[in-house]
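Reader: I would like to learn how to read a ligand site and a protein core. Please take me through one case.

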Amino acid sequence: MNLPTVAIVGRPNVGKSSLFNRFLHRQLAVVHETPGVTRDRNYAMCEWAGREFRLIDTGGLVPESGELMDRLIYEQTEFAVREADLVLFLVDTHVGVDQIDEQIARRLRESGKPIILVANKADSEQHDLEVFSFLRLGLGDPVPVSATVGRLVGDLLDMVIARLP
Ligand code: GDP
């Protein structure tokens, strides 16, 4: 069966793998093997509210050793644009808009893919106002979540399901 694919993209340290793991805790997920992928734990089948999708943490795609960061991020973003039906673009509320975020945002806007801009590390309500600084990325309203605390992750999953093809 051809399941819709959701990819998590973003620069290092924004919390991609934390969110990936958090999604897996929220439902019975079976990590499944995908040929050609070195670390299959970066792919998982997820189910939420009766909808199934394939989740990919692009941060887990293994770089060639010595590869430049720019190149790595570029390749992960291209991979997501090519493979995903929906892209979760993660940014870090503690840091705000970073230059790399802007580069990724530009590419994602050009792609015309459905994007959810996810403002991670919004660990408490106190952070929810800060997420508006990400409006300038031009990808719509940022959605606050906290991958480590688990805050608002269910709401994000509801949005994911609503945006799947
Ligand atoms: P990745 O490089 O994008 O996959 O990021 P990681 O998932 O490895 O997280 C990078 C760092 O940010 C780790 O120290 C995490 O514990 C931390 N982190 C991730 N999500 C959150 C969050 O929601 N709140 C806070 N306070 N820290 C987080």
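Reader: Which atoms of the ligand and of D123 form a polar contact, and at what distance?

Author: A polar contact is a pair of N or O atoms within 3.5 Å; within protein, one must be able to donate a hydrogen and the other to accept it, and residues adjacent in sequence count only if both atoms are side-chain atoms. Here a nitrogen atom of the ligand lies 2.7 Å from an N or O atom in the side chain of D123. For the side chain of N120, the distance from an N or O atom to a ligand nitrogen is 3.1 Å. With K16 the ligand atom is an oxygen, 2.8 Å from a side-chain N or O atom.

Reader: How far can I trust such values?

Author: The model is predicted, so local features need pLDDT of at least 70 and side-chain atom pairs count only at pLDDT 80 or more, while totals for chains, interfaces and linings use all residues. Residues are numbered from 1 along each chain as its sequence is written, and side-chain values use heavy atoms, with hydrogens and water left out.

Reader: How many residues surround the ligand?

Author: A residue is near a molecule if one of its heavy atoms lies within 4 Å of it. The count is 15, and N13, K16, S17, S18 and D123 are the closest. Three are nonpolar, eight polar and four charged (Ala, Val, Leu, Ile, Met, Phe, Trp, Tyr, Cys and Pro count as nonpolar, Asp, Glu, Lys and Arg as charged, the others, Gly among them, as polar).

Reader: Which element supplies the largest share of the shell around the ligand?

Author: Helices (H or I, at least four residues) and strands (E, at least two) are DSSP runs, numbered from the N terminus. The largest share, three residues, comes from α1. The protein has four helices and six strands, in the order β-α-β-β-α-β-α-β-β-α.

Reader: Which residues have the most contacts inside the largest nonpolar core?

Author: A nonpolar core is a set of buried Ala, Val, Leu, Ile, Met, Phe, Trp, Tyr and Cys residues joined through side-chain atoms within 4.5 Å. Buried means under 20% relative accessible area, exposed over 50%, partly exposed in between (1.4 Å probe, protein chains only). The largest core has 26 residues, and L19, F23, F53, L156 and V160 have the most contacts inside it. Its largest share, five residues, comes from α4. A second, separate core has 19 residues, including A80 and F134.

Reader: What does V160 touch?

Author: Contact means heavy atoms within 4.5 Å. Leaving aside residues up to four places away in sequence, V160 touches V6, F53, L86, L88 and I116.
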